[in-house]
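Here are my comments on the model you sent over. I went through it element by element, so have the viewer open as you read.

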Amino acid sequence: MSHSAASHGAAAHGHPSHAPALRMGLPISNAKLGMWLFLGTEIMFFTAFIGSYIVLYFGSPGWPTDTNVTHIKIWAGGTNTFVLLTSSYFVVLAHEAMAQGQYRRAWNFMAMTFLCSCLFLGIKGVEYYGKFDHRILPGIIPETELQSVRMLRDDWKERMDSQLNALIPGKDPLHVKQATLISEIEEAKGARKEKMQAWADLNVAFSKYRDEISANKHTLASAEKLMFDLRNQATVKVGDHEQSGVYVTPAIIKSVHSHAAETHTAGHIEHDAAGREISREASDVGLHLPELKSGQVAISDSQGNWETLDSKAVRSPKMKYAGLLGSVSLRHPIVYGNLFASTYFLMTGFHAIHVIVGMILFITVLAQGRNLSDKWSNWVENTGLYWHFVDLVWIFLFPLLYIIPGNI
C-alpha cells in the first residue's frame with residue numbers, strides 16, 4: 001500500500017494527521033529582526049566615527065582641550081545626557097503600557113519622550129549657535145599666526161566690499177563704485193558724508209595692511225593692536241574743543257582682559273626679555289592700556305600716549321570706524337582646530353539626525369491619538385529599541401567630546 005493510500009485510509013477511519021507546520025528562522029517578528037539588523041549596521045557606522053576620533057585625538061599633540069577655546073559647554077552635554085536617559089525611561093513605560101492595553105497612558109509617555117527629544121535638540125542648537133558665533137567651524141579656523149593675519153585681511157576685505165555696496169548701490173564693479181564714492185564725498189552732506197569719508201579713510205588703512213601682509217610685516221599681536229585702535233578710534237568733546245584718538249573706558253578694558261584670558265591657550269603667548277611668560281591681562285596683547293578707575297576714560301594722542309579724563313567731562317563720543325568694521329575681528333589660531341571641529345560636527349551632527357528620525361517615529365504614533373491600539377505595539381517596541389540605541393551612542397559621545405579632552 002502506498003503512503004498516500006495509507007494516509008487516506010487513516011483519515012477515513014477517523015484518525016486525522018496532526019503533523020505540526022514547520023517554521024524557519026528566529027522566534028521574533030520580521031519587523032523586530034529588521035530593526036536589530038539595522039541597528040547592527042548603525043553600530044558599525046558610529047564605531048568607525050568614534051574609533052577615528054580616538055586615533056586622531058591621541059595622535060595629535062596639542063589637540064585643543066580648553067573649553068574657553070573650543071566653546072564646549074560641559075553643562076549642556078551633561079544636561080542632554082540626563083534628558084536622553086529620562087526619555088529612554090519614558091519609552092520603556094510606554095511599551096509596558098501598550099502591553100497592558102493602557103493605550104492612553106502609552107500615548108502620554110510617548111508624548112513625554114517626544115518632548116525630551118525636542119529639549120535635547122534645543123540644547124544642542126544652543127551649543128551649535130555658540131560654535132557658529134565664535135566661528136569654531138571646519139575649514140575656517142586658523143592654526144598658525146600667519147593664517148590668522150591673512151584671514152583678518154580676507155574678512156576685512158569682505159566687510160569693506162559689503163559697506164561699499166551699501167553706500168553706492170547698483171551693479172557697477174567694485175573699483176567703479178570706489179571711484180564714484182571718492183568723487184561724491186565733497187558733494188555729500190551730513191551723516192552720509194561722514195560715513196563715506198570714514199569708509200575712504202578705513203580703506204586706506206586696509207590697503208596698507210594688505211600690503212604689509214604681502215611683505216610679512218604683521219604678527220598676531222600687531223594685527224590685533226591695529227584692529228583695536230581702528231575699532232576704538234573716536235572723536236570726543238572735552239570742554240570747548242574736540243579730541244580724536246583711541247578712546248577707551250573701563251568696560252572696554254575689561255572686555256580686552258576677558259578676551260585675552262579666553263584665547264590664552266589658543267597659541268598666543270607673550271614672553272618678556274628674560275623669556276618668562278607674561279600674563280595676558282598684564283600685557284593687554286601689546287596694547288599697553290591705561291589703568292582706569294570707575295568714572296574715568298582715556299584717549300590717546302597720535303604718539304600713543306594716554307590721557308586720563310573724567311568721564312563727566314567727556315561729551316558726545318563718536319566712534320569713527322566701529323560701525324563700518326562690524327563683527328570683523330582677529331581669529332586666534334587653534335592648533336588642530338579644524339580637525340577638532342570636523343570630528344565634533346560629524347559625530348554630533350549624525351547623532352542629531354538620528355534623533356530627528358526618532359522624533360518622526362514618535363510623531364507617527366502620536367498622530368493616532370485615541371485610535372492608538374494593539375496593532376501599534378510592534379511599532380512602539382521597535383521605536384523603543386531604536387531610541388535606546390540613540391541614547392547609547394550619546395553615552396559614548398558625551399565623555400569622548402566633553403569629559404576626556406584635557407583629562408587624559
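The points below start with the whole chain and then take up the helices and the sheet.

1. First, the basics: this is a predicted model. The protein chain has 14 helices and 7 strands. Of its 408 residues, 40% count as buried. Among contacts with a separation of 6 or more, 75% link residues 24 or more positions apart.

2. Let's start the helices with H6. Helix H6 has 23 residues, and its first and last C-alpha lie 33 Å apart, close to the 33 Å expected at 1.5 Å a residue. Its buried residues include the aliphatic or sulfur-bearing Val149, Met151, Leu152, Met160, Leu164 and Leu167. Also on the buried list are Trp156, Ser148, Gln163 and two aspartates, Asp155 and Asp161. If you want to see what lies over them, the cover includes H7, H8, H9 and H12.

3. Helix H8 is next, covering residues 190–214. With 25 residues, H8 reaches 37 Å from its first C-alpha to its last, close to the 36 Å expected at 1.5 Å a residue. Its buried residues include the aromatics Trp199, Phe206 and Tyr209, along with Met196, Leu202 and Ile213. Ala198, Ala200 and Asn203 are buried as well. These buried residues pack against H6 (145–167), H7 (174–184), H9 (220–231) and H12 (322–325). Just after the helix, have a look at the backbone of Asn216, which takes a positive phi of about 55°.

4. How do H5 and H14 sit relative to each other? The axes of H5 (residues 103–133) and H14 come within 13 Å and cross at roughly 30°. Angles under 35 degrees count as roughly parallel, and the two helices are therefore roughly parallel to each other. The crossing of H5 and H14 is left-handed. On the H5 side the contact is made by Met110, Thr113, Ser117, Phe120, Lys124 and Glu127, and on the H14 side by Val380, Trp387, Trp394 and Tyr402.

5. While you are on H14, find Asn382. This asparagine is found in H14, which spans residues 377–403. Is Asn382 buried or exposed? The cut-off for buried is under 20% relative accessible area, so at 8% Asn382 is buried. Leaving out residues up to four places away in sequence, Asn382 touches Ala31, Lys32 and Met35.

6. Now the sheet. It is an open sheet of 5 strands in the order E6-E5-E2-E1-E7, with antiparallel pairing. The edge strands are E6 and E7 (314–319), each of which pairs on one side only. From one strand to the next, the twist averages 45°.

7. At one edge, E5 (residues 296–300) and E6 (residues 306–310) run antiparallel and are joined by 5 bridges. To check the register, start from Val297, whose bridge partner in E6 is Leu309. The hairpin of E5 and E6 has 5 residues between the strands, and Gly304 takes a positive phi near 85° there.

8. At the other edge, which strand does E7 pair with? E1 (residues 233–238) is joined to E7 by 4 bridges, and the two run antiparallel. For the register here, use Val238, whose bridge partner in E7 is Val314.

Methods: Residues are numbered from 1 along each chain as its sequence is written. This is a predicted model: local features need pLDDT of at least 70, side-chain atom pairs count only at pLDDT 80 or more; totals for chains, interfaces and linings use all residues. Side-chain values use heavy atoms; hydrogens and water are left out. Buried means under 20% relative accessible area, exposed over 50%, partly exposed in between (1.4 Å probe, protein chains only). Contact means heavy atoms within 4.5 Å. The expected span of a helix is 1.5 Å times one less than its number of residues. Two strands pair if DSSP finds at least two bridges between them. Axes are lines fitted to C-alpha atoms, for helices over the stretch in contact, and angles run from 0 to 180 degrees between N-to-C directions. Angles under 35 degrees count as roughly parallel, over 145 as roughly antiparallel, 65 to 115 as roughly perpendicular and the rest as oblique. A crossing is left-handed if the near helix is turned anticlockwise from the far one by less than a right angle, and right-handed if clockwise.
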